[in-house]
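Here are a few exercises to help you find your way around a new structure. Try each task yourself before you read its solution.

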Amino acid sequence: MKVVAFKRELQGSGASRRLRNSGQTPGIIYGGTEAPVTISLDHNALYHALKKEAFHSSILDLEIDGKVQKVLLRDFQVHAFKQLVLHADFQRVTASEKLHVKVALHFENADISPAVKLHGATISHVLNEIEIECLPADLPEFITVDLTNVDVGTSVHVADLALPKGVTAVTHGNDLTVATASVPAGQVAAEAAAEEPKK
């Protein structure tokens, strides 16, 4: 994905406010061997890009003055109630340096799992993203959570995930729960009542 940015000379909150009033969003690029560079980006293009999941977990081609750099979106701030992106931070990416980044989880096959198909259970998503470590070339857009074999009373943990080649989960020593399957309380009571012998 490509992002076009412009070098920003003026600093400070007044300059940033003037930028935003002219339809631009202030930002910064940092990391690697070069000094940080303050930039501005087209607000509407950035706003729509931020709605795409891939924009948050892909290596981006950031072009400034005709020169393209490989970067990763690291942070962004949005206005509390206006549809306004206030600032965006990008980190330079080096092919040989591993990244630590959060990637979205995509849940699949819940409808054919024993938990849902046989017991009418609800599968709760405990995590929607996980932190991973990998080289830029191995960065996945998302990680799939296959729920095919999930039954009532079981959970899916990070260790159960089939991670792409070259990708490791960063869990800080905890095998975090990703999803759980449980039968709604009202349904359990109704089933128990139905099974009681008639007097």
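**Exercise 1.** Find the bridge partner of Val156 in β13, then work out how the strands around β13 are arranged.

*Solution.* Keep in mind that you're looking at a predicted model.
- Start at Val156: its bridge partner in β13 is Ala179.
- Step to Ser155, which faces Thr180 of β13.
- Those contacts belong to the pairing of β11 with β13, which is antiparallel and has three bridges.
- Now look for β8: it also pairs with β13 in the antiparallel sense, this time over four bridges. Here Ile123 sits opposite Ala181 in β13.
- Put the pieces together and you get an open sheet of three strands, in the order β8-β13-β11. Its edge strands, each pairing on one side only, are β8 (122–125) and β11 (155–157).
- Ignoring direction, neighbouring strands in this sheet are turned by 15° against each other on average.

**Exercise 2.** Which residues touch the most other members of the largest nonpolar core, and which elements give two or more residues to this core?

*Solution.*
- The core has 25 residues, and the ones touching the most other members are Leu105, Ile130, Ile132, Leu139, Val156, Leu161 and Val178. Val156, from the first exercise, is on that list.
- Next, the elements: β7 (99–108), β9 (129–134), β10 (142–146) and β13 (177–182) each give two or more residues. β7 supplies the largest share, four residues.
- Zoom in on Leu139. Skipping its neighbours within four places in sequence, you'll find Leu139 in contact with Ser57, Ser58, Ile59, Leu72, Leu99, Val101, Val103, Ile132 and Cys134.
- Apart from this core there's another one, of 18 residues, including Tyr47, Leu60, Val71 and Val85.
- Why look for such clusters? In soluble globular proteins, nonpolar side chains tend to be buried together.

**Exercise 3.** Where does UniProt place the bL25 beta domain, and how much of that span is helix and how much strand?

*Solution.*
- The unreviewed UniProt entry puts "Large ribosomal subunit protein bL25 beta" at residues 98–184.
- That span is 7% helix and 41% strand, and its end C-alpha atoms are 43 Å apart.

**Exercise 4.** Which element has the lowest mean pLDDT, and which the highest?

*Solution.*
- Begin with the whole protein: the average pLDDT is 89, and 91% of the residues score at least 70.
- Then go element by element: helix α5 (residues 185–195) comes out lowest with a mean of 54, while strand β6 (residues 85–92) is highest at 96.
- Where pLDDT is low, the predicted coordinates shouldn't be read in detail.

Notes. Residues numbered from 1 in each chain as written. Predicted model: local features only at pLDDT ≥ 70, side-chain atom pairs only at ≥ 80, totals over all residues. Heavy atoms only, no water. UniProt positions renumbered as here; feature names shortened; annotations may be inferred. Core = buried A, V, L, I, M, F, W, Y, C linked by side-chain atoms within 4.5 Å. Buried < 20%, exposed > 50% of the residue type's maximum accessible area, 1.4 Å probe, protein only. Contact = heavy atoms within 4.5 Å. pLDDT = per-residue confidence, 0-100. Pairing = 2+ DSSP bridges. Axes fitted to C-alpha atoms, helices over the stretch in contact; angles between N-to-C directions.
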